[in-house]
Amino acid sequence: MDKTDKGIQRRAREDRYQGHDYYLIDELLTEEHRLAREAVRDWVKQEVSPIIEDYFEQGKCPTHLFEGLAAIGAFGPSLPTEYGGGGMDEIAYGVIMQELERGDSGVRSMASVQGSLVMYPIFKFGTEAQRRKYLPKLGAGELIGCFGLTEPDYGSNPGGMVSRLHDDGDAYVLNGAKMWITNSPVADVAVVWAKDDEGKIRGVIVERDWAGVSAPEIKGKLSLRASITGELIFEDVRVPKKNVLEVQGLRGPLSCLSKARYGIAWGAIGAALDCYDSALRYALERIQFDKPIAAFQLTQKKLAEMITEITKAQLLAWRLGSLANEGRATPAQISMAKRNNVYIALQVAREARQIHGGMGITNEYPVMRHMMNLETVITYEGTHDIHLLITGHDVTGINAFR
Amino acid sequence: MKLLVCISKTPDTEAKIQLTPDGKQLDTSGMKYIMNPYDEWYALVRALELVEAQGGSVTVINVGPSSNDQIIRKALAIGAHEAVRIDAEPTSAWFVAHQIAAFAKNENYDLIFCGKETIDYNGSEVPAMLAELLDLPFVAWASKLDMEGNTATLHRDIEGGVEIVKVATPFVVSAAKGMAEQRIPNMRGIMMAKRKPLKVVEPVAVDDPVSVVQYALPPKKKGVKLIEPEHIDELVRLLHEEAKVI
């Protein structure tokens, strides 16, 4: 049954995307990884590609896709099955994110937030009662979650947050405002980070229908237009102590961000591959001066550089995934992959747009949408510059943040 | 119900088809494969739906080398309960039908599903041969299948209409578009597929009366010439002098 919103036009044109694997990296993947990738690719071709341009253009979130994302198992695939996850490894999680972002960075964000920023902290830092209460429903898409860390005045510097949890007997009283929260206007629960009376950062699970919680939508985005973004405003919200996560300090939110950044390092390759695939096809079909534009050296330079950068990014992601499977991927290694892969994806998108000529600025092709989306991806979950400083800190031992 | 679904491996629909230099075989280097869509989307899914409604089990069977395990695992991830692979190169429909019949003859399946054809060689031969070898009724190219007790009602799309047939189990059916809808395996199914049994069976000896002499690719399509509407005389000249159709 078609569940798209009224006024959304479905595209008749078939999505002919094929993966590109120049270094035969497929041979490094297991049967499950390949099956997971094909399944998500099929799902994206059926459910996302025909509608995404119109949702993006209208600036609407295809919220009906939450159900489908849950059904294919895109929420927390690497968490244990008893808590609503898929019991898969980190590479499987990566290839799933890659295929989703091949469709659209906004759709991948819907899944990243639910899995890495909501289910993961509840699994990692939650009490057994919290896990049992929230995780199966989050995994099944019956509850939608969001993650409240960033504040209007504290983006790259989350440790400066001013949201407060005041101890009041059996509950904490939460006050504060969070900004740039993916999914917040449609979320049922939020994992929120705020400082307690001692100034320590604590995580709490907040339900949307509690008194004092509101989540207005942020309008006017020219990027991730098919993903809904909002604020989270807390006015004297009573949070029962049983909803406090068992973690203190920035370690809590940063470990979630590492998970999500890991997914983005894979996801961005998907956007790059879609742009490359479209550009290669277009360059072979588009005739100028009596030959395909792919026959011109300047086009070949673009295509050759695109596939080179994509291949390097694929190898980086695969190695990072192998380290993550062994529990050895460091936050700094994840930063390097997130920064590099998003950056090359944006470069690939820009080159691909040029190959498409004038058609590249229309939504007949996915390239400009990916390019606009990637402007968010290069900024959220740690900006391009902050990730560089993380690498700088890691190799020199000197912190240049402050 | 005890159901058997025959599945084949076929080149991906986007694969470039090339032949070996002697023209006797498909050049499979770098080829990507998928499960034959008629087997996957219609035969397998309808079999699963029947078992979900009435209980029972679905076994998938494939004739092929171990590299086919990839598509067999997909069938298990979609929901089949167990799998059998006859460990042999599927050289012809005759060979494949004999292998499946040899396995199925003592298993008492209520229903044997195949896709209406494979999208590579488009032979449509295996299901009919299989029915003959097992001495079972055969319904070809069915687009709808409903069961009531031991009787199935099937729709066959025919030229200008629909033929509705009834048949009692056991029988063989080949599934056409419409019988079910594609199911995408979910992550849990993919993980469970690893633990489901995949039995590898040695082939039986078969004398194959058929051998391929030669394959040939279709002639390349010629380019399209576009002529502006105001140059209609040029169109007439080209149709007369080059295409020689008027």
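The expected span of a helix is taken as 1.5 Å times one less than its number of residues. In the predicted model considered here, this rule gives 51 Å for the 35 residues of helix H6 of chain A, residues 251-285, and the end C-alpha atoms of that helix are 51 Å apart, in agreement with the expectation. The axis of H6(A) nevertheless bends by about 25 degrees at A:Ala265. Of the 35 residues of H6(A), 30 are buried, so that the helix is largely enclosed by the rest of the structure.

Aromatic contacts were examined next. A pair of aromatic rings is described by the distance of the centres and the angle of the planes. Over all chains the count comes to 10 aromatic pairs. One of these joins B:Tyr38 and B:Tyr42 in a tilted arrangement, with 5.9 Å from centre to centre and 45 degrees between the planes. Because B:Tyr38 and B:Tyr42 are four residues apart in helix H1 of chain B, residues 37-54, about one helical turn separates them. B:Tyr42 also pairs with B:Trp41, here edge-to-face, at 6.2 Å centre to centre and with 85 degrees between the planes. Ring pairs thus link B:Tyr38, B:Trp41 and B:Tyr42 into a cluster. Within this cluster, B:Tyr38 is buried, as is B:Tyr42, which has a relative accessible area of 8%, whereas B:Trp41 is partly exposed, with a relative accessible area of 30%.

Charged side chains also lie over aromatic rings in both chains A and B. In chain A, the charged end of A:Lys241 sits over the ring of A:Tyr172, 5.2 Å from its centre, while in chain B, B:Lys2 lies over the face of B:Tyr109, at 5.1 Å from the ring centre.

Terms used. Residues numbered from 1 in each chain as written. Chains lettered and ligands numbered in written order. Predicted model: local features only at pLDDT ≥ 70, side-chain atom pairs only at ≥ 80, totals over all residues. Heavy atoms only, no water. Helix = DSSP H or I, 4+ residues; strand = E, 2+ residues; numbered from the N terminus. Bend = angle between axes of the 7 residues up to and from the residue. Buried < 20%, exposed > 50% of the residue type's maximum accessible area, 1.4 Å probe, protein only. Phe/Tyr/Trp six-rings, centres within 6.5 Å; stacked < 30°, edge-to-face > 60°. Lys NZ or Arg CZ within 6 Å of the ring centre and 35° of its normal.
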